[in-house]
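User: Please take a close look at the largest nonpolar core of this model. I would like to know what builds it and where it sits in the chain as a whole.

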Amino acid sequence: MKSSMLGVARTLRPTATLTQSWRASSGTRLGVKHYSTVLESNARGLVLRSAEDGQQINTLLSKFWLRDNCRCQSCVNQDTMQRNYDTFKIPADVETAEISPKNDGVEITWNDSHKSYYPWSWFYETLTAGSNSRPLAQQEKKLWGAEIAQSPPEVPFESIVDAKDGKGLGDLTDKIRTYGLCFVTNTPATPEASEKLLETIGPIRNTHYGGFYDFIPDLALADTAYTNLALAAHTDTTYFTEPAGLQAFHLLSHTPPPNQRPEEALGGQSLLVDGFHAVSLLKQESPVDYETLRRVKVPWHASGNQGVAIAPDRAYPVIEGDSSLHRIRWNNDDRGVIPLDVDVNAWYKAARKWNEILTRKETEYWFQLTPGRMLIFDNWRVLHGRSAFEGLRRICGGYINRDDFISRWKTSNFERDEVISHNMQLR
């Protein structure tokens, strides 16, 4: 049996009881939940007793908390889901006058004559907020190595842009959430189509390099990414307090240098590494090194452009996360000085082990970018790089903020009511 306390309540008069089977709205991943709900008063206060699939949950409710969370139309703007009232004008000693069960919820009349209505499904969401069973809180990450080359995740462009429904967009965002990457096939090889595709996910993020990018090698931009040099697997924008959430690349063209035949190899293979998979290997093979990269906070910076000297609000470790993995922040080129108040030799030892895992043949996914096959990946998880190349490559793409991506993933894969309920109860 589980029990929880949501504040302290006094004695109440009535009891509302309802036993039912509740089916989640179409499109959610909850399936069918069978539970009984009893709202009753006793010597301790207002008690919500809920039995879900045989598991009993008793919750002692604060009357003020319950009144503050009234779901009625006069208290909550149904368009914005924002409160329409001043919480602190509710009497601190508010009491219930009557509790009336309904088919899909319970109505409570308070001693100030206000009537509140609470759907049983809202109680269910509240009771299970933060539990591992909640689908929005739990999303399986499928780790991968070089073997993903056999069947990389992909979604066709026409199922996303100007599609009649949101299934394609839901598929795209869910694959990025699950694998950390997804290719969008049949993407017209134009910057206009590429930009339109990205904007279906969220607003394109502006940085000191601009917003949506469409570039050829140009060292005037003061970053090796804008050259034809090889790049080791790395995270972009480690120097921001919040690094870019998603990143996208679409190769529009690759022309050979003068006097070279088009069929000759030009290089420029792309590299992806699943950073979460690399962390799992590091933790398994060298727990001490894992703890070092998780514990030691490292300075990061962007200092190549005149008038630009960007650094995060504080130093951040390479591996972020405690009970669950949150984010990877790794770009050795943009790393600052390891502070001397830590065991620097231990950090370099751990970083060497980390680099060795990142560069293993079995962890590296190499492929060739081609026009019409746009790549979108999770910059918090997947590290990217490339081999050196010859000729002139034109690539477009952009960044999308993490919060915008997660919002689109939620709204394209779950019912709106479920998303709002989850967002209101994040812990």
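Analyst: Here is the core, set against the rest of the chain.

This is a predicted model. The chain has 427 residues, and 51% of them count as buried. Nine helices and 20 strands make up its elements. Of the contacts with a separation of 6 or more, 71% join residues 24 or more positions apart.

Now the core. It holds 27 residues. Seven of its members touch the most others: Leu293, Val318, Ile319, Ile328, Trp330, Trp347 and Trp354. Four elements give two or more residues each: strand β14 (270-274) and the helices α5 (275-285), α6 (287-295) and α7 (344-358). Helix α7 supplies the largest share, with seven residues.

Take Trp354 as a guide. Leaving aside residues up to four places away in sequence, Trp354 touches Gly275, Ala278, Val279 and Leu282. Its other partners on that count are Leu293, Val318, Ile328 and Trp330. Of these partners, Leu293, Val318, Ile328 and Trp330 are also named among the members that touch the most others.

In soluble globular proteins, nonpolar side chains tend to be buried together. This chain also has another core, apart from the largest one. That second set has 24 residues, including Val184, Leu246, Phe414 and Val419.

Last, the surface. The chain exposes about 20,700 Å². Carbon and sulfur atoms supply 49% of that area.

Terms used. Residues numbered from 1 in each chain as written. Predicted model: local features only at pLDDT ≥ 70, side-chain atom pairs only at ≥ 80, totals over all residues. Heavy atoms only, no water. Buried < 20%, exposed > 50% of the residue type's maximum accessible area, 1.4 Å probe, protein only. Contact = heavy atoms within 4.5 Å. Areas by Shrake-Rupley, 256 points an atom, 1.4 Å probe, with all protein chains shown as cover. Core = buried A, V, L, I, M, F, W, Y, C linked by side-chain atoms within 4.5 Å.
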